[in-house]
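Welcome, and thanks for taking a look at this one with us. Below is a short briefing to read alongside the sequence and the model.

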Amino acid sequence: MAVPKKVALEEMSSIPADSVARAQEYLKLIQATSDPNLIFLHCYHIMKLGGLDAEVPRLVVFGQQSMGKTTVLDFIMGGPIGYSSTDTGTKQPVVIIMRPLEVIMEVASALKLQIDPASLKGGTIWCLFNGKLMDIRSVQDAMRLHMQSMGERIVADELEVEVFVPNGVNAIFVDLPGIKDDSKTGAEFTRNVVRNYVKSNPNDLYLLVKKSSDDPANWPWSLKEFITTAPPTGLGLSPHQTIVVGTRAREFLINEKTDIRTVEQLMDRVLKRTITDSKGNILPLHLLELFSLSIEAKESGDFLANKREMKRQIAKGQEEVENMIRTSFEVTNDTVGRDGMTVVDRLLQMFSINGFLTTLDTRYQALVATTFRNLERRLVRKKMELERSMQSLEQRMNRLSPQSIRESVSLFIRQFVEVVQKMITGNYTIMKLPVAPEEFLKYYGGSLRDNLEDGNELALNLFPQRDLYEPDFYEKISKRTETLFNKKLTMMDSVKPGRYVRYFTSKINAHMFGLIEPPRRNKTNSTDGGIENYISNEYKSDELINVEFIQINNGQENSLHKNIDRSRISLLTPLPSVSVDQMQVPLYAWHKTLSSTGWVLVRPIVIDRLPPEIIVQKSNYREIEIASKQIAFRYLDVADSNSSDDVDVDSVTEKVANANIKGAANKDNEKNAKSDVDRNSREGDKSGRANDKGGKEADKGSSTPAAGDKDVKNNRYVYFTTCSEIFLEDPKVVPYYNSALEMVSGEHAEAQLLNQLAITNICHWLKFQIKHMEPDRHFTSEVIYQMLRSVHHVVDRADWEPLIADLVQSNVRGALLHAARLSACAAAAALRRVLKAALAEVFRCIQQSECGQTLYCLSESLHFQEQIDQLSEEYCRQKATECAGAMMNLILEQTYSIQFDVAVDIFDYCYQFEKYIVGRAGHRSLMGEALYRVRENFAMRKRRLAMTDIFEKSDAKTSLELIYEEVKVQFWATKMLLASPLATKIYTHFIKDVVDRMANEMQDPSGSNDAELEAFLQKNILYESVDGNWVPRSNNRMSQDYDVNSKYDRFAQHFQETKHSLEYITIALEAIAAMKRAEGGPEFVTNLDKDLLGA
């Protein structure tokens, strides 16, 4: 039978059935005896069968070569038994199991070995070595040959020999290889063997053998470090498991008495021979005078005669040592110490064999008691663990049925699809998972960037042709997004000291006027940037803005500084600092005024008529200082006199903040703006003057209401102030973004997601890219003129509309189609993450009995796991292809049916929305004016794009510029019409198709009620294609494919192994309980004492 490999109890997973049977036999032997030594030996054999022999304490002898290890071992074993040789020493750990000779017949019978009873007489020692019974001489020869065959090698494997001694006791000893000097070959390896043995056997009692005269202070540093230091360099032995034995005590005393004369000096010399552990504790030391028989005497085979001779010599040596201590050294101080002994008494105890045996017995008994107590606790925990495993395995055994595989697959798919649907819709509670929800999302989830990168790889795989998807498209569009983001950052950098700001406070329900001051920082908080960061006036992206507010009371100005988040302030620009080209009426702005409490505020206003100086400046392009010029305005936060409704401050603020102060794009817009100014001027001339009462009701400030001047049309009072008191809200102030993708999709763009929001982020990304796309394909003038369509029977005319449609279609086939394909593949990547997470959750639930019991057989099949994972991948690729195709058809349909007035229709719809949804009485319609300008502009474009206009030499723009300008307009209209429908396609393919059932029972009772994903998986798993037809797969075929039957067998084998392990642990616990019931524990040391010394 092979020797079981040593294992840790906690790692033990299986044990052979025959080992359990043999352990049961040893347990019967334990139950049939009351001998503590025999019980201990049987416990050792039981532990060894499970690879746990390191858990049983043994007596281990080790030390340097030629220091008397074998002599000490012979003395402990009670006779000359240990192996020794003049030319070869111990080259591997030798385990000696000593047993009484009287039990050899039982052992031979159990092993089915033949032995002559007559050979047992005469005091011969018999041994069991390598499965054979032989006398001690044959064992010595066999071991010598074995050691010689190893050459210079020293191995760590244990060599076991069982020795049957007349009148012997049951005990276990270990003889380790001698530690070689540094000068000899294999010195480091011998130390590794001893070191590994001590590390693997922490429960043994170690006897360190050295010469009595050896002073550890004179040891080589490597030897001293090896014995006295902690692992990994040293052995790490402690006093409770180590005893130091000094041999040749008589020789030591003879040498010492020539140098010293008192017992106190002798005690000092002895204490210098002690060894300390890694913590400085002294290891117990005993100096003995033992006797070693010659090899020839050992090989004579007369064990009893050799034992008597060894006993006589040891007794003689002990007597000589005691006489030398008493007579050869003077006693200068016979004071009794705390231990009740004099110096002579302590020396006699250290040199006494009985003292050594007492220490040995005490330490060993304590070590055995402690070790078995700890072992019992660990065995109990292991038993509880195995019982829980058995309970779980029994349940799984009942669930693991190879029957009805088709039903199990259908049930598995249904459970999988349900988890997918819940996870996409956010109804799957990840907070209740065994792992932290953050770790779950980190492992399975993906951010917008992750999905786009994975989607790019998928697009390159699905659309390898360059005209379908450019390999560097994602890189280029990412660079463009980063460029836009950097531009946004430049805009955000306008938050600088010296800028005026508006800050709304709900405390007084007003907009306070403030000035940005340099940041206030502490030196102690500026360690990241040093002194440069401390003195810098630039604000960081996450830094609060230091704003100064002014209060004027009785002509005295007071200031208040407040740190405000940048998202809560709006930048203001004085009207004189704004280019006159950007001033269009109605001009929404803010008026700087003073509240009744003295705080400087701003109020929303509208300017219907610009001062004449500004109009002249715009007409003649002359620079005129307008800061001191008067300007008329109306307050927007004052309710109509004929209405009792409160003014919506938020809507007024939004209107002012969103006001367009940008100039016209061309001469036509300039003309329209100029005509609007004239028209507004005429309307303003019709207004009356405001009365005194209206002026008093207005807040005090720099504005002056004209007496009796009143706007009849809007029923609002008109005020006048200087242009320096008017401020426009900076349109460049934008929310702060931490990254380009956050600018695209919001603050959750970088979040690791597994739900619908991941798809929504991709839709936002697609809309953003479409919004910033421009026609990028240009052709030469020859190509453009060639593509002009002729008019039938007309010589000097050409039809330009088809050319515009051709150019729009050629541009659409580029970036727009690429972006659509990339977004479809990114959505497929996001869906793939959901499917992976859902699949892992289904398998986890099956293992933890949270799903149907019949699913367990599938969860154990590696083939099924790979197949369902591959089909999930295939499904996502299929959805990406379908969605990209649907988006392409939508784009082509829109470009194949261009409507040149669609831009006008878009603005018309916006005007209708403003009129009926967001419009307010008394406010001028912005979209109405925009619609008017768009219609005028488009009508002019059509006239100028006629062939007659194209060839006019006096035209300011060339024909190519006019054509490409119209292409840009139609491309913009196409983008506006496609952005939302394309996002809808993504939602339909990756959310609706996955979550919803294929047919509603109310709409079509005869149709399938399975989800698309469910139908796809069922078709590809439960059916197979035969001659072009899909036929069901049989249960037998699926059982073979998924290896269900053999898996059942393997599981049954695992079940039996666990059962055997539980039985073995139970036997081991019963053996330890019997050991505890035995009185006194193993007492072979006491028996040796009585037998060898007659004490």
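## Strands around S6

Strand S1 (residues 59-63) runs parallel to S6, and 3 bridges pair the two. Please keep in mind that this is a predicted model. The briefing starts from S6, then turns to a helix, the nonpolar cores, the salt bridges, the cysteines and a hairpin.

**S6 and its partners**

- In the pairing of S1 with S6, Leu 59 sits opposite Phe 173.
- Strand S2 (residues 94-100) also pairs with S6, this time in the antiparallel sense, over 5 bridges.
- Phe 173 turns up here too, as the bridge partner of Ile 96.
- How many residues of strand S6 (residues 171-175) are buried? The count is 5 of its 5 residues, so a friendly word for S6 is "mostly covered".
- Cover is found on both faces of S6: one side carries the buried residues Ala 171, Phe 173 and Asp 175, and the other carries Ile 172 and Val 174, which are buried as well.

**Helix H3**

- Helix H3 (residues 69-77) is another mostly covered element, with 9 of its 9 residues buried.
- The buried residues of H3 include charged and polar names such as Lys 69, Thr 70, Thr 71 and Asp 74.
- Val 72, Leu 73, Phe 75, Ile 76 and Met 77 are also on the buried list for H3.
- Gly 78 comes just after H3 and takes a positive phi of about 90 degrees.

**Nonpolar cores**

- The largest nonpolar core has 226 residues, and the members that touch the most others are Phe 351, Phe 356, Val 409, Phe 412 and Tyr 1064.
- Helix H26 (residues 801-847) is the element that gives the most to this core, contributing 26 residues.
- Where does this core lie with respect to domain 1 and domain 2? Domain 1 (57-351) and domain 2 (407-489 + 753-897 + 964-999 + 1008-1025) both give residues to the core, so it lies between them.
- Leaving aside residues up to four places away in sequence, Phe 356 touches Phe 75, Ile 76, Leu 207, Ile 243, Val 245, His 286 and Leu 288.
- Two of these contacts, Phe 75 and Ile 76, are among the buried residues of H3.
- There is also a second, separate core of 19 residues, and Leu 575, Ile 607, Ile 631 and Tyr 719 are among its members.

**Salt bridges**

- The model holds 28 salt bridges.
- Arg 378 and Glu 10 form one of them, with their closest N and O atoms 3.0 Å apart.
- This pair links distant parts of the chain, 368 residues apart: Arg 378 belongs to helix H13 (residues 353-399), while Glu 10 is in the segment before helix H1 (17-31).
- Glu 10 has a relative accessibility of 46%, so it counts as partly exposed.
- Arg 99 and Glu 162 form another salt bridge, the closest N and O atoms being 3.4 Å apart.
- Because Arg 99 lies in strand S2 and Glu 162 in strand S5 (residues 159-165), this pair ties together parts that are 63 residues apart in sequence.
- Are the two partners buried or exposed? Arg 99 counts as buried at 9% relative accessibility, and Glu 162 counts as buried at 9% as well.
- Arg 326 pairs with Glu 322 in a salt bridge whose closest N and O atoms are 3.9 Å apart.
- Arg 326 and Glu 322 are 4 residues apart in helix H11 (residues 303-327), so about one helical turn separates them.
- Glu 322 is partly exposed, at 25% relative accessibility.
- A network of salt bridges links Lys 879, Glu 882, Asp 993 and Glu 1012.

**Cysteines**

- The disulfide count is 0.
- Cys 43 is buried, and its relative accessible area is 0%.
- Cys 845 also counts as buried, at 10% relative accessibility.

**The S24 and S25 hairpin**

- Strand S24 (residues 1023-1026) pairs with strand S25 (residues 1029-1032) over 4 bridges in the antiparallel sense.
- Glu 1024 has Val 1031 in S25 as its bridge partner.
- The hairpin has 2 residues between its strands, and in it Asp 1027 takes a positive phi near 55 degrees.

Key
Residues are numbered from 1 along each chain as its sequence is written. This is a predicted model: local features need pLDDT of at least 70, side-chain atom pairs count only at pLDDT 80 or more; totals for chains, interfaces and linings use all residues. Side-chain values use heavy atoms; hydrogens and water are left out. Two strands pair if DSSP finds at least two bridges between them. A disulfide is a pair of cysteine sulfur atoms within 2.5 Å. Buried means under 20% relative accessible area, exposed over 50%, partly exposed in between (1.4 Å probe, protein chains only). A nonpolar core is a set of buried Ala, Val, Leu, Ile, Met, Phe, Trp, Tyr and Cys residues joined through side-chain atoms within 4.5 Å. Domain bounds come from an automatic or database domain assignment. Contact means heavy atoms within 4.5 Å. A salt bridge is a side-chain nitrogen of Lys or Arg within 4 Å of a carboxyl oxygen of Asp or Glu.
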